[in-house]
Structures are given as C-alpha cells and as structure tokens.
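Let's take a friendly walk through this model, from its core out to its surface. Have the coordinates open as you read.

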Amino acid sequence: EPEHHRLVVGAELGADHEAVVFRLLPKERATGVFEHLPFEAQEGLLRSLGDKDVAVILDDMSPDDRTELLGELPGKVTKRLVNMLSPEERDVATRLLGYPEESIGRLMTPDYVQVKPFWTVREALDHVRLYGRDSETLNVVYVTEKGGRLVDDLRMRELLLIDPDARIAELMDLQFVALEAHADQEEAVAEFRKHDRTALPVVDSDGILVGIVTVDDVLDVAEAEATEDIHLLGGSSAFDEPYLSTVS
C-alpha cells in the first residue's frame, strides 16, 4: 500500500492513535510518510502530536520502553511541530518527540530567525523585519542550508555594518556552537558559561536546526541545580514542597 495513504490503515485510526503510530515509525520511514501526506493531513498529524490524549496512550508504557520506541523524528517534522504549537501543546509534544525530561529539547523555543547563504544581506534584513517581531532574540541569526541543516550563526552587528548587496555566504566562517536536543540540560548551562551568547541553537542528530535555548531558561536550570547542591551539602535532598509546608 502506498505510503501516502493515511498511516497504516488510514482514516479508520483515530487522530490520537494515528499520531502514536507515526511516532513509532523509524526516522527514515517517517520522513517519507510525512512528505507524501497531503498538506491538510500533515497539519492534522502535527496538531495531534500536541494533544494530551496522545500522551495518555503512551503513559502506561514503562519509561525505558517508551524511550526505545520513540525514535527521533526528522528535523523538518520537529521544526514544524514546535513552530505551530502553543507553549502548552509544546510541553506535551516534547514528550512525544522522545526528549528526556531533563534534556535540552525540553527548553527550546521556536522563536528565532534563519537565513540562507545565497541571500543578500539586504534580503536577510528584510526577512528579519518581516519575521523577527516574535523572535526571542535578534542578536544572532542562523544560517541554514537546504533541508534546514545549521551551517553558521551571524551576529546582527555583522549584517548592519556590511554592504547590503553582499551575500550571506561572504560573512560565513562555518564556526558556531550548537546544543544537541537530546543532551542533558547541564550541558547547556556549561556552554552558556563558556560562550558570550544570549541564545544558542539546538540541533537534532543530523544537524538540523530545530529551535534555540535562551540564557534566561538556562539560568533557571542553573538556579535549580545550585539549590539542589546546597540541599545535598546540608545533608538533605531537595525539597519537593515549599520549606514552610515541609516543616509545618
């Protein structure tokens, strides 16, 4: 049966079960299935992946089994999924994306600006004006190749001080720092301490840009780690409840 038919048995599956079946496909097969679906079916599938009912279906599985079954989604699918969902839906979706609870993928936001190497600086700045309004930060723009693979990052200052007719490729040195979505959040804390950035890009295992992590989110993680360390030094574990509730 052709892959573009609705997943496995088509419309007989409910939207929630259809989303789960799609998540269980190997990454390469998921790419083919998604790209052959009609646009409306793609949108419906992505919406389903942010539905709480879908997460409930997987909650009965043991964490180890769930992690083993939920292979990494293609970067193209992940990017569209994260971009179209509300923050509440995104919390559900990141579980279905297979990101561990303390992973960088759980921190990422889709609010960034990306440009192409063959664009002129003028085209890039026009793009920033059009799409940068909702961006978490405009200090840095990200350069991606076909398919969304991250190849460089450029500070906005560089774009503002060069000939508008220059190509983005002329500014690129192919040197950048990126976080891997499945890595532990502590790695993000370490990278932000090492580099003077307000945000860092997040990539999947193929180097596809799927989001960014901002310094304020990482500071929250660092603060939580410091609090836990203080509790451990004091001979106790971190409190699950407010201190006053614990001692009353």
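## Core and surface

In this predicted model, the largest nonpolar core holds 35 residues, and Phe22 and Val213 are those with the most contacts inside it. Several elements give two or more residues to this core: helix 1 (15-23), helix 2 (27-36), helix 3 (39-48), helix 6 (75-84), helix 11, strand 5 (199-203), strand 6 (209-214) and helix 12 (215-233). Helix 6 gives the most, with four residues. As background, nonpolar side chains in soluble globular proteins tend to be buried together.

Helix 11 is worth a second look. This helix spans residues 185-194 and contains Glu186. On the surface, Glu186 joins Glu101, Glu102, Asp184 and Glu187 in a negative patch.

Moving on along the chain, Asp196 sits in the loop between helix 11 and strand 5. Its C-alpha atom is separated by 9.9 Å from that of Val215, a residue 19 positions away along the chain.

Another loop, between helix 10 (168-171) and strand 4 (179-180), holds Leu174. The backbone is what to check here: phi of Leu174 is near 60°, a positive value in a residue other than glycine.

Are these two loop residues, Asp196 and Leu174, buried or exposed? The table gives the values for each.

| Residue | Relative accessible area | State |
|---|---|---|
| Asp196 | 68% | exposed |
| Leu174 | 54% | exposed |

Asp196 counts as exposed because its relative accessible area of 68% is over the 50% cut-off. Leu174, at 54%, is also over 50% and therefore exposed.

Definitions and conventions. Residues are numbered from 1 along each chain as its sequence is written. This is a predicted model: local features need pLDDT of at least 70, side-chain atom pairs count only at pLDDT 80 or more; totals for chains, interfaces and linings use all residues. Side-chain values use heavy atoms; hydrogens and water are left out. Patches are made of residues with over 30% relative accessible area and no salt bridge: like charges are joined within 9 Å, nonpolar side chains (Val, Leu, Ile, Met, Phe, Trp, Tyr) within 5 Å. Accessible areas come from the Shrake-Rupley method with a 1.4 Å probe; for residues, only the protein chains shown count as cover. A salt bridge is a side-chain nitrogen of Lys or Arg within 4 Å of a carboxyl oxygen of Asp or Glu. Lys and Arg count as positive and Asp and Glu as negative; His and the chain ends are not counted. The place of a charge is taken as NZ of Lys, CZ of Arg, CG of Asp or CD of Glu. A nonpolar core is a set of buried Ala, Val, Leu, Ile, Met, Phe, Trp, Tyr and Cys residues joined through side-chain atoms within 4.5 Å. Buried means under 20% relative accessible area, exposed over 50%, partly exposed in between (1.4 Å probe, protein chains only).
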